[in-house]
Amino acid sequence: MSGLQPPRGTHDLIGETMRRHHHVVETARRVLRTYGFEEWSTPIFEDTRVFSRTLGETSDVVSKEMYTFEDRGGESITLRPEGTAAICRALVTNGLTQSLPQKVFYHGPMFRYERPQKGRYRQFHQIGAELIGAESPLRDAETIAMAQDILRELGLGEHVTLELNTLGDLASRQAWREALVAYFRDHADALSEESRIRLEANPLRILDSKSEQDRKLLDDAPAFADYLNDESRQFWDTLRASLQAFGVDFVENPRIVRGLDYYSHTAFEFVTSKLGAQGTVLAGGRYEGLVEQMGGPAIPAIGWAGGIERLAMLLDSVPELPAGIALVPMGDEAVLKAASIVRTLRSAGLRAEIETRGNMKKRMERVVKSGASHAIVLGDEEIAKGVVQLRDLSSRDQQEVPVADLVRVLSTGRA
RNA sequence: GCGGAUGUAGCUCAGUCGGUAGAGCGCCGGUUUGUGGUACCGGUUGUCGCGGGUUCGAUCCCCGUCAUUCGCCCCA
């Protein structure tokens, strides 16, 4: 109870928590394969510039949430706060900009120095996918469809809705941003204190504000739709048509913006109301300048990342270990015999364990509690005859089975 | 970084108007080491989150701290 605790915002993945976590990753991995995505694993720490350059110096993540330190050689190192920048770095480092598209997924721990809350940790886990070399909005739609498939496979289809927005291209966004800043400057008095700060640092964030006074102001703010140039508008139209073609339902939400600077055009979030303030469960968008910032050519990409802890908390059912077979040997000789039987069962792919503690009643109690489907009881008498007692724990039927026939009986269910 | 709540056995929680603590569940053993989750009997568990202060005496009061949780910020 006292003594050493895990550091603030970290937690141990044990038992049910770990099974849920694992189920999320395994399910995602299965779906991702069907889309032709391949798994990459990049270092957990990187040269600080990988993140500081690309995420935008003014973003909160870079300015106050990164775990940055100097290593013994004097290099500035950062524990990765997200996955995308590192994937782009790896793409360039490994010379893969010549062979596009690259369809990549990853999962693992990320680190952000934030105030912990339910579903928000300092070390948390993400699973993410990046399609680098995404030539058309069709790829955006496909990548979003993939995310939706994963959520459905996890049984979260009912809990989660897709919210979609366009951020336009750089030119559209700049024109709109100027109009927006001008508008808010004129109404600075009516803005909340926080939004007045955002006005200078990251004005698009004001759209996201939860303050009521800001919301009122937003109704009359310049609408982005009026600033979309033809190219951006066409992209947006094609994206929505493609999503429909892939069978993806979505809700347009003009207030969706991105915390990180490298996004353009597509921005989306899968949202739930079941996790309090941490409602976003998976989010992503299109980014066009990131590979270039890593020293490669300008390559457009689309990607997303999901919070594994948040997804795991939403799962209705908890995956269990497969039911096993329990050996209950009575007597020293029987224990050794059980060891050899258990070995045979395991090499046949069955889960098998030996129960040796306590009297027979206690052993059977533990065996039943462990969720085993069968018990195998053996003592001197059985050993002499070369058989075991095989007991089906749900029907309570017990039969005598020759040791040599065990695997066959267990896998076919008949003698 | 800001504001609120919480912290007692492995778990859920009660309690002491200040005299070092309890219930249920769980766990362990027993009812002849050859048979089932329910029965009966017995047993086990705590630096009452940590540090300091007040007091003859603190788990209880005060201060600090750590952690959890809810909201803000931000985000997955």
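These are my notebook entries on one helix, the nonpolar cores and one strand residue of a predicted model.

**Entry 1, helix H8.** I began with helix H8, which spans residues 212-219, and looked up which of its residues are buried: they are Asp214, Leu217 and Leu218. Looking down the axis of H8, I noted that these buried residues fall within an arc of 105°, so they line one face of the helix. I recalled that an α-helix has 3.6 residues a turn, so residues three or four places apart point the same way. I then turned to the other side of H8, where Glu212, Lys216 and Asp219 are exposed.

**Entry 2, the cores.** Next I looked up the largest nonpolar core, which has 56 residues, and wrote down those with the most contacts inside it, namely Leu32, Phe184, Phe268, Phe270, Val281 and Trp304. The element that gives the most to this core is helix H5, residues 137-153, with 7 residues. I also recorded a second, separate core of 27 residues, and Met66, Met110, Tyr121 and Tyr262 are among its members.

**Entry 3, Val281.** Setting aside neighbours within four places in sequence, I found Val281 in contact with a list of residues including Leu151, Val160, Phe270, Leu311 and Leu314.

**Entry 4, Glu269.** Is Glu269, in strand S9 (residues 263-271), buried or exposed? I put Glu269 down as buried, because its relative accessibility is 15% and the cut-off for buried is under 20%. The side chain of Glu269 is joined to that of Thr280 by a polar contact of 3.1 Å. Apart from neighbours within four places in sequence, the residues in contact with Glu269 include Thr161, Glu163, Arg258, Thr280 and Leu282.

Terms used
Residues numbered from 1 in each chain as written. Chains lettered and ligands numbered in written order. Predicted model: local features only at pLDDT ≥ 70, side-chain atom pairs only at ≥ 80, totals over all residues. Heavy atoms only, no water. Buried < 20%, exposed > 50% of the residue type's maximum accessible area, 1.4 Å probe, protein only. Helix = DSSP H or I, 4+ residues; strand = E, 2+ residues; numbered from the N terminus. Arc of directions from axis to C-beta. Core = buried A, V, L, I, M, F, W, Y, C linked by side-chain atoms within 4.5 Å. Contact = heavy atoms within 4.5 Å. Polar contact = N/O pair within 3.5 Å; in protein donor to acceptor, adjacent residues only side chain to side chain.
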